[in-house]
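Colleague: I would like to go through the helix packing and the empty spaces here, one term at a time.
Modeller: Then let us begin with the picture.

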Amino acid sequence: PTTVTAARIYDGQSKGMSGEEHALAFETLPWLAMSKTYTTNAQVADSAGTATAMMTGIKTKSGTIGVSDRANVSDCESGLAAQVTTLGEWSEKAGMATGIISTARLTHATPATMYAHSASRNWENDTDLPKDSNCKDIASQLIDMSVGDGLEIALGGGRRNFLPKTVNDPEYKDKTGSRKDGRNLVAEWEAKSDAHEFVWNAREFLSAAPTKKLLGLFEPSHMQYEGDRAEDAGGEPSLAEMTRKAITHLSQDEDGFVLMVEGGRVDHAHHGGNAARALIDVQAFDAAVAIAKTMTDSNDTLIIVTADHGHTMAIQGYPQKGNPILGVVKSPTDDGSPSETVLPAGDGKPYTTLSYANGSGSILIGKKEGEAVERPFVDNETAQELNYKQQALIPSYSETHGGQDVQIFASGPQAHLFSGTVEQNYIFHVIDYALQLRARAGE
């Protein structure tokens, strides 16, 4: 919720407004509920367990993908015995077209829960598997998906998990794939049929036929942050462009489609204690939602916007209305008028409206017990730079997730079922119910 508020203000201010009255595209969806994000073994959860709840209807342990709580983390055999059907598999069984999009690796926790089953989220390619394991890595599960006719659209990062160590990356010639089993999963995708196409840059993506089954892998690891995308040498499509391409393709299926779109790098920017990139990536995600709204009809298409979990970012102090959300706090004067005076903290120094409870912005990182520390001075210009890391209280090389409930915004068939505070796995059951009603109506 804090990220949504900050992004709303940032987006409004980037359009010349004060920001507070603004609304993001997904905030205009008419139905709202709150989702409880704990997993069966964690009060503050990770993306694997939380996304599994949304994509299977079953809460499970953090760190696992597409398996029930009966599986133990990193225990291959228990994971094989505890597989549960994913939303992507349900979609394919129903004869619908299925797509996944993420600015993270397609084998990363959230996108993987659409199609994969793994006792560990870390088993993204075969080099990550336990020795003598009977389990399949996540990348190979995407390519080998046999339910229905497999995925129609898969766009995101993670090329290295699909290429062998003997093959150079097409964009970074000094890098190779990560697979040691010799499988070239990209080549295997292309060999499936004449309708299967692979792209790795913006030029190829834009020219790809809308009738092709499309695998797009735009980086060896995660895609670029939206704030850095223009600098990428190979060129990457935006999240909105990928969403438009996917809906154009998937909507041709007379049986309908299911599409999961993730702005995965919002999370990564927060982990880096870098609010600017996080908010810019929310803007990019919101543009994708706006595209989805314009390309679909709320009479027949259910749109759900939510998050796996929260973060520890806070909005603090008493900044005056219209104060730059990334800037230092300036409060109104005593008579309520705007002021250019910076409000100091208790140490007499300025502080920013946004901060983190923990993270790499802590001055305590690397300090020994008893060593004197002093909070750094930050000016308004520095605070608004793209690379600025907000100050944090507890030292941590990566900011952690937050355990707060997160919003569910929804529109379309059965969206009215989102109301009040619900368990996170309830989201799947609303989708399932909507699909059942659609099937009964013969639509």
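**Helix packing and empty space**

Modeller: In this predicted model, helix α9 (residues 239-250) and helix α11 (residues 275-295) have axes that come within 8 Å and cross at roughly 25°.

Colleague: Why is α9 called roughly parallel to α11?

Modeller: Angles under 35 degrees count as roughly parallel. The crossing of α9 and α11 is at roughly 25°, so α9 is roughly parallel to α11. The crossing is right-handed.

Colleague: Which residues make the contact of α9 with α11?

Modeller: From α9 come L239, A240, T243, R244, I247 and T248. From α11 come A284, F285, A287, A288, I291, A292 and M295.

Colleague: What makes one residue of that contact count as charged?

Modeller: Asp, Glu, Lys and Arg count as charged, and R244 of α9 is in the contact. The classes are ten nonpolar, two polar and one charged.

Colleague: At what angle do helix α1 (residues 2-14) and α11 pack?

Modeller: The angle is about 80°, and the axes are 9 Å apart.

Colleague: Why is α1 called roughly perpendicular to α11?

Modeller: The range for roughly perpendicular is 65 to 115 degrees. With an angle of about 80°, α1 is therefore roughly perpendicular to α11. The contact involves T3, A6, A7, Y10, D11 and S14 of α1, together with L279, I280, V282 and Q283 of α11. By class, six of these residues are nonpolar, three polar and one charged.

Colleague: Now the empty space. How many cavities of 30 Å³ or more does a search of the whole structure find?

Modeller: The search finds one. The largest cavity holds about 80 Å³ of space.

Colleague: What makes a space a cavity and not a pocket?

Modeller: In a cavity a 1.4 Å probe fits but cannot get out, whereas a pocket is open. The largest cavity has 14 lining residues, and T103, Q224, E226, L239 and D281 lie nearest its centre. Its lining divides into six nonpolar, four polar and four charged residues.

Colleague: What is the volume of the second largest pocket, and which residues lie nearest its centre?

Modeller: The volume is about 280 Å³. There are 19 lining residues, with Q83, Y115, H117, K136 and Q141 nearest the centre.

Colleague: Which helix supplies the largest share of that lining?

Modeller: That is α6, with three residues. Both α3 (76-80) and α6 (138-144) supply at least two residues each. The lining of this pocket has eight nonpolar, eight polar and three charged residues.

Terms used:
Residues are numbered from 1 along each chain as its sequence is written. This is a predicted model: local features need pLDDT of at least 70, side-chain atom pairs count only at pLDDT 80 or more; totals for chains, interfaces and linings use all residues. Side-chain values use heavy atoms; hydrogens and water are left out. Axes are lines fitted to C-alpha atoms, for helices over the stretch in contact, and angles run from 0 to 180 degrees between N-to-C directions. Helices (H or I, at least four residues) and strands (E, at least two) are DSSP runs, numbered from the N terminus. Angles under 35 degrees count as roughly parallel, over 145 as roughly antiparallel, 65 to 115 as roughly perpendicular and the rest as oblique. A crossing is left-handed if the near helix is turned anticlockwise from the far one by less than a right angle, and right-handed if clockwise. Contact means heavy atoms within 4.5 Å. On a 1 Å grid over the protein atoms alone, a cavity is a set of points where a 1.4 Å probe fits but cannot get out, and a pocket is an open set with protein on both sides within 12 Å along at least five of seven lines; lining residues have an atom within 4 Å of a point. Grid points are joined across faces, edges and corners, and a volume is the space filled by probe spheres set on the points.
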